[in-house]
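This report describes how the strands of a protein model are arranged and then turns to residues with unusual backbone angles.

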Amino acid sequence: ESNSSSSASADNVTGDSGAGSTTTFNAGLQGSSSFDVEADAGIQGLAGTTAASSASTSKGVAKAFTELGDSAGVKEVTSLEVGGELSALGQSINSLSADAESVVGKAVGRSKMTDQVEGLEANDISVSSDAGIQGLAQLSNAASAATTDGDALSTAAAEKLQGADLEGLDVGGVASVIGQTTLSNTASSETVVGDDKGAKATASLKQADGLRASNDSLPDAGAGIEVSSDATLTGLASIDNAASAAATSGASTATATAGSVDGARINSTDIGGVGSITGQTNFAGSADAANVTDGDSTATATLTNADGLQGKDLIKVSSDAGLTGLNAVDLTASAASTGSATLETIATSTAEATTLQGAQLSNNTDIGGVGTIGGQVDFNGSAASSNVTGNADATGSLASLAQGLSTGIDTDTSEFGTAISSDGTVQGFANTSLTASAGTTQGGADANATGADIDGAVLGDLSIGGVGTVTGSANFAASADAANVTAGELSEGNLSTADA
């Protein structure tokens, strides 16, 4: 067990103020070697990191920087062999914050996780009897910047989070594997009179996985995960990514972006008994920008890719099985401005997701008993912009794909990509709701709510040996609302337009 706590603070009246807190590495259990236990084994690695920085001044630049490199509960176990039962827990819980305040001068708050937060990472785990394995990764990351006269800049950045990362698992009895990732990532900026950048807040995430299992197998195993009896594999990813920026005079920019989020990503899996495999992603992204005049107000909330469950290779279950992928995404963006008769402003909001999938299975899924396969995507994208003197633009968008369930086609024409020996239920649901609202008193208002491809279920070749139920459902709702009072000259194109 390793607990790390660090804090830095700097206060000034006249002059610059700077504080920095840096943690390079923290691990509960790090073992770049092999472990061999003849009987039962319990392995536990707990890592906790708390790091904070605060800087304040009345006149000058205030800078607060907090940084965490790598934090892991259990890390770099190259080989683990257990002759009896195994109970393994890797847990990494981290809290980071940076707070900068000034009265006259720039305020900069930056809190970053630059490498990764990981619950449990292990290679080549061989257990003769039952195994319970848990990997938990948690990060709370907050950055704030506030000033009265000057720019306020805040950045909350997270590189990679992973609950459990397994490279080869062979269990002789019953197996329970859980990987869970939780992130709260927030950036907040506020100024009264801004300079070049005004109030700017950025919250970003590159990658997050609940459970990841590779295709590398142990020498005596034929799959990356091989379990002789019953098995439950669960991956959960819960993400909250938010940015807010406010200025009275000056620009206001709030950006919340995320790259890839997966509940569970598994490769080849062979279960000798009853199998339950679940991947679930819950993602909330928000951006809120507001100003009065002397600059534009821009809010952007985006997510590039998210999956509930990815089955990238063979999934074979000898008895009954349930395979489930759930993906719930909520993106909101709000931009507000006032403008003036001498200087019009633009309020722009964008909420956009690119590719969202519930369950994505390969062309090699075999279930020996009763099978239930389900995937679901729920996406809500909302953008709202308001202005008084100047334009208002709002866009709620699905850029590429929302898909509940997809399965593949076996390259061998004598086999089925998905084969269920007994009764089977196969379901895919995709629910997408997009709203865009733009309103101004004097200027143009433009609202767009647009979707791309939406599929309930896209199935390859499928065989069901008993009673079969196959369902695919795609629901799409789009609403766009634009309103203005005085458009100005028609030649300037200041019209009110809404497209859904």
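The text below covers the sheet, one strand pair and two residues with positive phi.

The model is predicted, so local features need pLDDT of at least 70 and side-chain atom pairs count only at pLDDT 80 or more, while totals for chains, interfaces and linings use all residues. Residues are numbered from 1 along each chain as its sequence is written, and side-chain values use heavy atoms, with hydrogens and water left out.

Eleven strands, in the order β1-β4-β7-β9-β11-β14-β17-β20-β23-β26-β30, make up an open sheet with parallel pairing. Strands here are DSSP runs of E with at least two residues, numbered from the N terminus, and two of them pair if DSSP finds at least two bridges between them. β1 (2-11) and β30 (468-486) are at the edges and have a single partner strand each, so one side of each is left without a neighbour in the sheet. From one strand to the next, the twist averages 0°, taken between the N-to-C directions of lines fitted to C-alpha atoms, with angles running from 0 to 180 degrees.

Within this sheet, β9 (residues 131-149) pairs with β11 (residues 175-193) in the parallel sense over 18 bridges, and Leu 139 has Leu 183 in β11 as its bridge partner.

The table lists two residues that have a positive phi although neither is a glycine. Both are partly exposed, a class lying between buried (under 20% relative accessible area) and exposed (over 50%), with a 1.4 Å probe and protein chains only.

| Residue | Strand | Phi | Relative accessible area |
|---|---|---|---|
| Glu 76 | β5 (residues 62-77) | about 60° | 28% |
| Asp 124 | β8 (residues 107-127) | about 50° | 32% |

Technical notes. Helix = DSSP H or I, 4+ residues; strand = E, 2+ residues; numbered from the N terminus.
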